[in-house]
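Work through the exercises below with the sequence and the 3D view side by side. Try each task before reading its solution.

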Amino acid sequence: MDSKTDILGLTKSECEAFAQNLGEKKFRGGQLYGWMQKGTPIDEMSNLPKSLRDKISANAEYRLPTIEKRQVSKIDGTIKYLMRMIDGECVESVFMRYEHGNTVCVSCQAGCRMGCKFCASTLRGRARNLTASEILGQIAVIGRDTGERVGGVVMMGIGEPLDNYDNTVKFLRLVSDPDGLSIGLRHISVSTCGLVPGIKRLSDEGLPVTLSLSLHASNDERRSALMPVNKKYGIKEVLAACREYFEKTGRRVSFEYTLISGENDSEEEARALARLLRTNMASPCHVNLILLNKVDETGYIAPDRTAANRFRDTLEKCGMNATIRRRLGSDIDASCGQLRLNNM
Ligand code: SAH
């Protein structure tokens, strides 16, 4: 083999073929697969003979991240991880407990090149894409660390999923595979800043995941100031792609709206947002309001709770469905991307 096989990126049947290629019985591949889904290091795959484990190490690359740092919230048990990839790049992942089950937030790139003005992940650009196995590995490692079942995934960590399209789609197929972690596609959200060609492609993949669009403003001028991607794909175009996503997949699109004091949090802006969504989206929409997590380098601050409630109430009065997202782990909340940044 000239390049080593990325074994964590294999399906169960590919794993069986891998074992057979090494001159082993097929079932050994199944055993290997089972261990990997549980985030087990090769040395600890106890029902595989030592000779086979050595053979695997020699012929394969096992892209399971390791836990570099771990912060546990004293308030709600949320756990934030700094995960180290095999080349030393670090990303963040978060384990959250909800009433309906445990959800993991994964990163898909080391850094980001989208340039959103309020976001810490983009401050030093993008180092590289993560492979599908590295995205999956974050969940496997967290499952092992917590000993708990993970029932949902949100791609809302570091990076832009649709800027790493092939790995994202491969990851979605792997993580939902009934032989593997078997996380239902309906329990997975892909969050995007609005890369229109990616949204269109995703709607044809036969993967009924929830799409979350990071909107953050109700007109092009304001959105372009916060999110440079809007200069390429403006609001009308991106909402048309969202509508098409809904029509093709039957899955509702949700909208993320980070409230930033003095930038996008006025009542007038709430009314404009409701009008925008009503005229451009045929289906009822849900708006998730997020209070900005302060990133010192950006200078932006979050509105107070009263202003946030007023924004939500205005949206609701205009017929929108809106919630202010509960802030899990507020005591460990170096906002997304800051843990990585502080460890570079
Ligand atoms: N690239 C994807 C995933 C990014 S993170 C996207 O843009 O959707 C998930 C959400 O967190 C996005 O809506 C993003 O805009 C938002 N976000 C980024 N930095 C933030 C901050 N400092 N405070 C609050 N929300 C933030």
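Two strands pair if DSSP finds at least two bridges between them; helices (H or I, at least four residues) and strands (E, at least two) are DSSP runs, numbered from the N terminus. The model is predicted, so local features need pLDDT of at least 70 and side-chain atom pairs pLDDT 80 or more, while totals for chains, interfaces and linings use all residues. Residues are numbered from 1 along each chain as its sequence is written, and side-chain values use heavy atoms, with hydrogens and water left out.

**Exercise 1. Trace the sheet and find its edges.**

Step 1. Start with the pair formed by strand 13 (residues 286–291) and strand 14, which is parallel and has four bridges. Within it, Leu-289 stands opposite Ile-324 of strand 14.

Step 2. Extend to the whole open sheet: its ten strands follow the order 3-4-5-6-9-10-11-12-13-14, and the pairing is mixed. Strand 3 (66–72) and strand 14 (321–324) are the edges, each pairing on one side only. From one strand to the next the twist averages 20°.

Step 3. Add the helices that lie across strands. Helix 5 (residues 165–176) lies across strand 9 (152–155) and strand 10 (188–192), at about 175° to strand 9. Helix 8 (residues 235–249) lies across strand 11 (210–214) and strand 12 (253–259), at about 170° to strand 11. Angles run from 0 to 180 degrees between N-to-C directions, with axes fitted to C-alpha atoms, for helices over the stretch in contact; contact means heavy atoms within 4.5 Å.

**Exercise 2. Describe how helix 9 packs with helix 10.**

Step 1. The axes of helix 9 (residues 267–280) and helix 10 (residues 305–317) are 9 Å apart, at an angle of about 35°.

Step 2. List the partners: Glu-267, Glu-269, Ala-270, Arg-271, Leu-273 and Ala-274 of helix 9 meet Arg-310, Phe-311, Thr-314 and Leu-315 of helix 10.

Step 3. Sort the contact residues by class: five are nonpolar, one is polar and four are charged. Here Ala, Val, Leu, Ile, Met, Phe, Trp, Tyr, Cys and Pro count as nonpolar, Asp, Glu, Lys and Arg as charged, and the others, Gly among them, as polar.

**Exercise 3. Which residues line the largest cavity?**

Step 1. On a 1 Å grid over the protein atoms alone, a cavity is a set of points where a 1.4 Å probe fits but cannot get out, and lining residues have an atom within 4 Å of a point. Grid points are joined across faces, edges and corners, and a volume is the space filled by probe spheres set on the points.

Step 2. The structure holds one cavity of 30 Å³ or more, and the largest has about 40 Å³ of space.

Step 3. Its lining consists of Phe-18, Ala-19, Leu-22, Glu-24, Arg-28, Gly-29, Leu-32, Leu-52 and Ile-56. Helix 2 gives the most, with three residues. By class, six lining residues are nonpolar, one is polar and two are charged.

Technical notes
On a 1 Å grid over the protein atoms alone, a cavity is a set of points where a 1.4 Å probe fits but cannot get out, and a pocket is an open set with protein on both sides within 12 Å along at least five of seven lines; lining residues have an atom within 4 Å of a point.
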